[in-house]
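Please describe how the two chains meet, and what lines the main open space between the atoms.

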Amino acid sequence: MPRETPSPIDLPAEPVDAPGLGWTAGVMAIAVLFLLALNAVSLRDWAADLTPSPAQARLAEATESWLGFTEAVGVGKPRAWLHDQWKKAENAHFGATTPEDATIAP
Amino acid sequence: MLFPTLTFGLFFLLVFSVTWAARGSNEWRKILLLLASWVFYGAWDWRFVALLIVSAVLNWGAARLIELAESHGEGSRKAIMLMGIAANLAILGVFKYYDFFLEQLGAILAGVGFERDMPLMQIVLPVGVSFFTFQGMSYLIDVYKRRIHAERLLDITLLMSFFPHLVAGPIVRGSDLLPQFKRTPVLTRDMATMGIVLIVWGLFKKAVVASEISTGLVDPVFFDPASHSALDLLAAAYGYAVQIYCDFSAYSDMAIGIAALLGYRFPLNFDQPYRAASLQEFWRRWHISLSSWLRDYLYIDALGGNRNGFARQCVNLLATMLLGGLWHGAKWTFVIWGALHGGVLALERIWERRRPEGFPRLPKALGVIVTFHIVVLGWIFFRADSFGQATAYLGGLLGGGMPGAELVVTPLAVALIALGMSFHFAPRNLGQDIALRLRWLPAPALGALVAVTVMIVDAMRFEGVAPFIYYQF
């Protein structure tokens with residue numbers, strides 16, 4: 001490999017002397033499982049956007065049920081809270097009341 | 001199929017599993033990667049997979065002929081190389097420039113009294129055509145210059161079709177990737193960790209920073225510059241500078257990361273470009289794979305670089321950047337963008353040569369600020385839909401904008417612009433330093449950390465995913 005083309009992949013240290021493939025597969029599998037629990041809303045949205053078909057309808061129903069379960073046990077709360085905070089930041093304006101404030105104001 | 005979508009995530013998990021399961025045979029692994037690349041490209045339009053295959057066969061055949069003509073002398077080799085280049089340019093010309101040049105011809109004919117309807121074809125632009133044709137041309141030139149050998153059809157087809165770089169680069173040269181295809185790759189923990197860091201980092205830059213600035217500020221202001229205040233116009237100009245960096249460098253980061261997880265090493269494509277103290281330095285840091293391509297194959301090989309005197313060198317710089325601008329698209333705004341960059345690059349060379357003895361140099365910090373603002377000026381032309389829109393934008397910016405216009409820029413947009421700029425002044429190897437720490441973590445710990453980070457990014461992302469800016473090129 002010519003060295004005149006640097007790559008961020010070349011870490012500036014001695015390589016770890018341990019197998020990488022199984023470890024990477026483990027990282028990805030755990031990440032997928034955690035995301036299924038923490039971010040079920042994305043899975044539901046993705047299934048809902050697929051081309052309509054009987055299979056899509058079943059998938060959408062299953063992902064909706066799964067989302068309901070994660071919400072019931074509370075693992076979806078951190079994402080929902082963060083999303084709300086982000087939406088508030090999006091709606092904030094310089095020197096003016098936001099549309100939300102206007103509807104709340106007496 | 002866009003990188004930051006669940007559809008691509010599932011596609012990649014499947015490709016990762018299948019290709020590593022087939023690591024016992026490098027040939028089968030490459031065939032599987034090739035099929036996966038065609039599925040990826042076919043998700044846009046299946047018809048263009050055929051174009052990709054034709055382009056690969058063309059370059060493979062031309063390179064073979066160049067080597068077979070070794071005994072016939074340099075003239076034959078050069079003629080085959082030039083025919084191969086012409087064929088690549090013909091593909092690019094038909095799909096990307098045919099209508100543009102015909103419209104210009106029509107305007108010229110109308111100007112001299114021969115107005116007539118031109119046979120415009122309204123051709124759909126294949127995604128990534130500029131990237132894979134440039135890759136094909138560099139392969140032919142490298143074989144002609146004896147920098148590399150002509151390789152097998154499978155390897156050339158995979159080089160040009162490999163899905164991580166296919167639609168928006170980096171432009172990975174044959175000399176970088178073909179030697180890697182010769183052996184079964186090994187996934188090291190270092191590659192995997194850095195690949196994961198790059199993918200997550202790219203996801204954040206694209207889905208949060210670039211998308212939010214684009215939809216909340218840049219798109220509405222550029223849509224109708226005349227109806228916005230000067231403050232909005234200024235914020236949107238800076239905002240676009242951050243958006244295009246976070247958008248395009250995010251694609252490159254994710255492409256490099258995805259390739260790394262498949263066992264391949266892609267070159268660096270962005271290196272904190274807005275900390276450049278001159279335009280020459282900017283082009284060593286921005287879209288490095290394109291700028292080095294233009295330097296090596298166009299500026300030096302085709303135009304002669306600095307070999308024919310100083311005046312010719314300046315003309316070559318200008319010509320290179322003009323063509324670089326046209327590479328981005330068949331629009332006059334891109335040509336003006338290229339002319340601005342080429343002109344300033346030439347002026348920098350002239351000033352370097354003519355600078356009076358003892359005349360103080362610009363302090364580095366001032367050089368960074370001046371360079372950044374020249375780049376921002378260029379981005380206004382680059383982003384504008386037409387020359388008229390760009391001049392209206394600049395007119396509003398200099399003339400104070402529309403009085404009493406409601407402010408579009410929000411505190412969040414200002415914070416994201418500041419964040420995007422801060423990336424350029426963070427430690428240069430921050431991503432690698434993070435990877436060096438993460439590589440020691442047990443797989444469950446890193447998996448949980450990745451999931452939490454992706455969840456945070458997903459909670460902040462704008463609804464839907466806009467295509468990457470460079471998909472249109």
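A salt bridge is taken here as a side-chain nitrogen of Lys or Arg within 4 Å of a carboxyl oxygen of Asp or Glu. By that rule the interface of chain A and chain B holds two salt bridges, one of which joins the side chains of A:Asp10 and B:Arg265 (2.7 Å, N to O). The model is predicted, with local features requiring pLDDT of at least 70 and side-chain atom pairs pLDDT 80 or more, whereas totals for chains, interfaces and linings use all residues. Residues are numbered from 1 along each chain as its sequence is written, chains are lettered from A in the order in which they are written, and side-chain values use heavy atoms, without hydrogens or water.

Contact (heavy atoms within 4.5 Å) involves 46 residues from chain A and 62 residues from chain B. The buried area, meaning the accessible area (1.4 Å probe) that the two parts lose on being put together, summed over both, is about 4700 Å², and carbon and sulfur atoms give 74% of this area. A:Ile9, A:Trp23 and A:Trp86 supply 17% of what chain A buries against chain B, more than any other three residues.

The table divides two sets of residues by class, where Ala, Val, Leu, Ile, Met, Phe, Trp, Tyr, Cys and Pro count as nonpolar, Asp, Glu, Lys and Arg as charged, and the others, Gly among them, as polar.

| Set | Nonpolar | Polar | Charged |
|---|---|---|---|
| Side of chain A that touches chain B | 31 residues | nine residues | six residues |
| Lining of the largest pocket | 32 residues | seven residues | six residues |
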